[in-house]
Every structure is written in C-alpha cells, then in structure tokens.
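Work through the exercises below with the sequence and the model open. Each task is followed by a stepwise solution.

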Amino acid sequence: MSEFFGPLDPQGRVPPHQQTRVAAFLTSAHGALARQFAFALPAKLASAWQTELNAQVYHEAEIVSLLLRATSWVPDLALGYLSMSWETAWFPQPAEGIPDQPLARAVGLATLAHAVHAGIRPAALLPREANADDPFVMALRRIELESGRLLQAQILFLKGPELLPHRDAVSAALEHRHVEIRKLWTSALEGVGIVVHKS
Amino acid sequence: MPFLSHGSYRIRYELDGPANAPAYVLVNGLTQYAELWAAYREALVARQFRVATFDLLGQGESDKPALFISQDDQVAALHLLVDELGDGPIFLAGISFGGLIALRYAIEHGERLAGLAPMSCFAELPPQLFLLGNALRTALILGGTSYLQDLLLPMNVSDQWLGPVLDKLDSVKRQGWLVNDVYALQNLMESFLDFRPLTSQLSSITLPTMILNGEFDFLTPRAVHETLRAEIPNSALVIIQRAYHAFTLEKPALTADLLARFAEDVLAGRWQGNKAVWIAPEEAGGELIAFPAGYDHLRAIPVQGPAT
C-alpha cells in the first residue's frame, strides 16, 4: 500500500486499474452533483445566486466529460458493487434539525457538494514523478483546482445568514457527510493499493 | 502519535526533551505543520528544555473542522496542550497566526506562562495587513494552495534562501501543498472575519515578553510589532537582521538560540524588558546590539526619532 498512485509506467503514467477506480468514483460523485444541481435549477433564473447554481451544473458535467476522455479505462470487476454503494450514498439527505424542508434539502445537497469538493483531493495521490503532460494527470490536477473554486458556493451558502439559526444542524450534517464520503473514497482506493493519508 | 481532544476534534501534538525541564510551546503559522519546528526541537532540547509542538485545528495531522472554526477553539486547543506540561515554567512562542494565538492565550491564561515570544506577530489589522490578508484569501480561493504558496514564498523568505531552490520550488512547496487542504486553510483565514483588535488588552500581559520581527518583514512590518512593544509592559523588541516574515524557517539556529537565551534570562532573573529595542546578532551566539539611541526604529533609513 502506498499514499500515492503507482508504480508508474516508464512514461510516468498512472496504472490503468488505478485510473479506472479513481475516475469511476469521481465520475459517480460529480455526475450525481451535476444531476442534483440540474434538478435544483429553475428554467428561468429568479435570483442572482442561481447564476452560481447554473455554473455548478456545467462545471460538474465538465469534470465528468473530462474523466471519460482522459482515463485509460480497463475492466474492474469490483465496480459493480462499489458503484451501487456510491450511488446510494449520493441520495439526497435533507439536513436533520431544519424544519423548513426545502431549506433542509438545499443544505443536504450543499453538504454533499462540500464533502466532495473539499474532502476529495485526487491530485494529492499523484507522486512527484507523475508525467505532467499525461491527460489523466492533468485531469486530476484540474479537477482538484476546480473543486476548490466550486466549493466557494457551498461555503457561502452554508455560512450564509439564512442558515445562521441552524448552525449546529449545518455543522453536524456537514461533518457527517465528510466522514461518509471520506470513508467511501478511502475504501475505493484501498482496493487498488492506495492508502489515503489522513490529511 | 499522541492526540488531545477538543470536543469531537483531535489535536495532534508531540513532546520532546526531559519531562521535568522548563518547557517551550511552539505555535505554527497559517500554512505550517509541527514538523517545521524540527530544528527547534533539537536545539532547545540540547539546551535542556522540553519542547511541545502541535498542529492547530485545520492543520497537518490535527482534525480539520469542515466549516466553522474560531480562534477561541485554537486558544482552547493550546490550553489543552499546556495542561499536559505540568506545573513547571512554560514559555510560549508563536509565529504569525500562531503568534496571535499565543498572544490571545497570554491574555487569557498569562498566569500559566513564564514568558512569551510573539514572532512576526500582530494585535490588530491595519489597512495594509487587512487588504493583504483578503488578497491572500482570494488567491487561495481562485488558485488553490499552490498559488497561495507562490505568493507567500517571496514575501516570507529572502533571495539568499530562494536562490538555491529556485529551480526546485515544486519540491519545496510539495509537503505544504499535500498537508494543507484549501477548505481548512480558508476556514483558518476566515477566522479573521470577526477579528477584534487585541491592542487594548495587551497591557494585561505582564509576562516577560520578547517580540521578534524580521528587518524586512513587509507582511507584518515593524509598526505592528511596535504596538506590542508599546503596550506590553515587560517587553523588548528584537529585530532579526536581513530577515523576512518567516525567519523561523530561514534562520532556525539563530531564532532557537534567541528563544533559549530569553528563557534562560527569565529563569535566572536577568530579563529586563523595559520596552527596549534590540538588534539580533547575525549568527547564533552573537551579542545583541541596542538599537542606536536617538534613531527611529520604525524607519528604514536612519532618521532621528522624536525627542523623548
């Protein structure tokens, strides 16, 4: 087990079975976010903040499309049951302790997006000698950078004035989501010989 | 690897040196982690100190609260660590953000300390520092940890330090990039959003206090250290020659020596702060030089100060 991808091939590329597992996880997570943001997006924007929602839909879709093209896919027998557990985990979870149900659902979606954007750092798995010109390597770096930007929408919303009275509920829901997503990510990587460094 | 518990969060710490010796607690700056104090552990343990280092909440191996983190939480974490050290003399030193946490600790729990060493530190956010802080936060948001490091490196260390590593900066930055998560750093930076100046409370710090400031630190320049010197009664300001904001990284031997000498002076009853201004020697073990009388230590050119 290693904290990083490897062993790399002579061209500095990540082994295809590791690419497949990581890309499958990320595609599943960001695909779920794209779908859920799309459902949350009204046909006609009514508020300024919805422009951010619109951007999130397309950035999530871009991440999925990028991974589909940049990954060297190979068969992975474990993906059947892993995908089931991942897709189940992305189900909407309205935050407990917030009586306003539309708001609780919005918080639930934001906590999922926060946990994925903040807690999953695929580029941190790249060893120093990874080939910077390889499309998969570039894709992971781009996804990690983009996630840091996308995260801002969740931070602004979850720290926003509307949720101030529900700070404890928000905090509990968010920490729960982080633990849940980290566990899935860790377990997905362990199957391909990678142990996630805690930080 | 031992941990302390603050609510549901874990704080990673390390103790080195003899258990019954006077202790030094070292508090990290914003993007730092406990391993960066390795040279201090070695130097201070060799001088018969016990050394306590830790990762603040949101840093290194400590837990990283997902969204809400306050400076009060950091002070509470530091308090837990100090409680681990028993009843002997305890000296507290912190750099930059860690210096601020150390100041806040000294204000709240000064009775537990024998001495305080704020380094590259501030008690208020004057406009330049406020705007720089905002700009660095925006850099983190837009460009990630790597871009923040790109901005901080030239602010924090000298050409002499940067020159030899210029062609391997990615390697220099890598560990900091790996251990720092964007959201956790952002949470730490946003703990300043409701920051209230500490200036009016500084006079309550009656401890021996050695304030260290890099000669060329333009992130936290002389003026913000001057506030500490002017308000903390038993303080002295020591200017580190040719140093920038992160002189603890660039000049560990000198800085560790200054910290050890400060504590030894306090323990021997020799320390007299007198709000004096000193110039540190260029190398560890050298003599401190009194800032020339009549000249203004807040200026970069030798202009005579106001008559006192």
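**Exercise 1.** State how many residues of chain A are in contact with how many of chain B, and break down the chain A side.

Solution. Step 1: count contacts, that is, pairs whose C-beta atoms, placed from the backbone, lie within 7 Å. In chain A 19 residues meet the criterion, against 14 residues of chain B. Step 2: assign them to helices, which are DSSP runs of H or I with at least four residues, numbered from the N terminus, as strands are runs of E with at least two. H4 (101-119), H5 (135-158) and H6 (167-190) of chain A each supply at least two residues of the side that touches chain B. H5(A) gives the largest share, six residues. Step 3: sort by type, with Ala, Val, Leu, Ile, Met, Phe, Trp, Tyr, Cys and Pro as nonpolar, Asp, Glu, Lys and Arg as charged, and the others, Gly among them, as polar. The side of chain A that touches chain B has six nonpolar, six polar and seven charged residues.

The model is predicted: local features need pLDDT of at least 70 and side-chain atom pairs pLDDT 80 or more, while totals for chains, interfaces and linings use all residues. Residues are numbered from 1 along each chain as its sequence is written, and chains are lettered from A and ligands numbered from 1 in the order in which they are written.

**Exercise 2.** Describe how the axes of H4(A) and H6(A) cross.

Solution. Step 1: take the axes as lines fitted to C-alpha atoms over the stretch in contact, with angles from 0 to 180 degrees between N-to-C directions. The axes of H4(A) and H6(A) come within 9 Å and cross at roughly 45°. Step 2: H4(A) is therefore oblique to H6(A), oblique being what is left after under 35 degrees (roughly parallel), over 145 (roughly antiparallel) and 65 to 115 (roughly perpendicular). Step 3: the residues in this contact include Val107(A) and Thr111(A) of H4(A) and Leu174(A) and Ile181(A) of H6(A). They divide into eight nonpolar, five polar and two charged.

**Exercise 3.** Is His245(B) buried or exposed?

Solution. Step 1: locate His245(B) in the loop between strand E8 (235-240) and helix H9 (247-250) of chain B. Step 2: His245(B) has 24 C-beta neighbours inside 10 Å and so counts as buried (20 or more other C-beta atoms within 10 Å; exposed, 12 or fewer; partly exposed, in between). Step 3: leaving out residues up to four places away in sequence, its contacts include Ser96(B), Met155(B) and Asp217(B).

Notes
Two residues are in contact if their C-beta atoms, placed from the backbone, lie within 7 Å.
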